[in-house]
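Please walk through this protein chain with me, from its overall build to a few single residues.

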Amino acid sequence: MFKIDNSVSLNDFDTISQYIKWLCKRKGITIKKMCENTGYKYNTIAGNYKNQYLSRQTLVDVINYLEGDFNIAMNLPYRK
């Protein structure tokens, strides 16, 4: 789906869920493992990051943990 390359831009992703999936893949972990490592409940994250929203603090924690670009994350919609 996404090539693993460190040079990405906002145009490479349609939604925040695609970006989070890509960051997990780049880090070599699953969404579930990311939740375990950050202390968030998998069902909460899995349900919200695709369909509704993540709180600002949750998004900050996830993007920081995954070593993502916060500027990209903040400019992506949750749904297209």
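What follows moves from the fold to the core, then to two cysteines and two sites on the outside.

This is a predicted model. Confidence comes first. The mean pLDDT of the chain is 84, and 88% of the residues score at least 70. The elements do not share one level: helix 2 has the highest mean pLDDT, at 94, while helix 3, residues 42–51, has the lowest, at 77. Where pLDDT is low, the predicted coordinates should not be read in detail.

Now the fold. The chain has 5 helices and 0 strands. Along the sequence the pattern reads α-α-α-α-α. Of the 80 residues, 34% are buried. The exposed surface of the chain comes to about 5,100 Å², and carbon and sulfur atoms supply 45% of that area. Contacts reach along the sequence. Among those with a separation of 6 or more, 59% join residues 24 or more positions apart.

Start with helix 1. It covers residues 16–27, 12 residues in total. From first C-alpha to last, helix 1 reaches 16 Å, close to the 16 Å expected at 1.5 Å a residue. Gly-28 follows helix 1 and has a positive phi, near 80 degrees. Which residues of helix 1 are buried? They are Ile-16, Ser-17, Gln-18, Tyr-19, Ile-20, Trp-22, Leu-23 and Cys-24.

Next comes the core. The largest nonpolar core holds 20 residues. The members that touch the most others are Ile-16, Tyr-19, Ile-20, Cys-24, Ile-31, Met-34 and Leu-66. Two or more residues come from each of helix 1, helix 2 (31–38), helix 4 (56–65) and helix 5 (70–74). Helix 1 gives the most to this core, with 6 residues.

Cys-24 deserves a second look. Leaving aside residues up to four places away in sequence, Cys-24 touches Ile-29, Thr-30, Ile-31, Met-34 and Leu-66. Cys-24 is buried, with a relative accessible area of 2%. Why is Cys-24 in no disulfide with Cys-35? A disulfide is a covalent bond between the sulfur atoms of two cysteines. The cut-off applied here is 2.5 Å between the sulfur atoms. The closest cysteine sulfur to that of Cys-24 belongs to Cys-35 and is 7.9 Å away, so it is too far for a bond. The disulfide count is therefore 0 under the 2.5 Å cut-off. Seen from the other side, Cys-35 is in no disulfide, and its nearest cysteine sulfur is that of Cys-24. Cys-35 is also buried, at 1% relative accessibility, because that value is under 20%.

Turn to the outside. Asn-75 lies in the segment after helix 5. Is Asn-75 buried or exposed? Asn-75 is exposed, with a relative accessible area of 51%, because the cut-off for exposed is over 50%. Asn-75 and Ile-16 are 59 residues apart in sequence. In space, their C-alpha atoms are 8.5 Å apart. Ile-16 itself is among the buried residues of helix 1.

Lys-32 is the last stop. Lys-32 sits in helix 2. At 48% relative accessibility, Lys-32 counts as partly exposed, because that class lies between 20% and 50%. Along the chain, Lys-32 and Asn-43 are 11 residues apart. Their C-alpha atoms are separated by 8.8 Å.

Definitions and conventions. Residues numbered from 1 in each chain as written. Predicted model: local features only at pLDDT ≥ 70, side-chain atom pairs only at ≥ 80, totals over all residues. Heavy atoms only, no water. Helix = DSSP H or I, 4+ residues; strand = E, 2+ residues; numbered from the N terminus. Buried < 20%, exposed > 50% of the residue type's maximum accessible area, 1.4 Å probe, protein only. Contact = heavy atoms within 4.5 Å. Areas by Shrake-Rupley, 256 points an atom, 1.4 Å probe, with all protein chains shown as cover. Expected span 1.5 Å × (residues − 1). Core = buried A, V, L, I, M, F, W, Y, C linked by side-chain atoms within 4.5 Å. pLDDT = per-residue confidence, 0-100.
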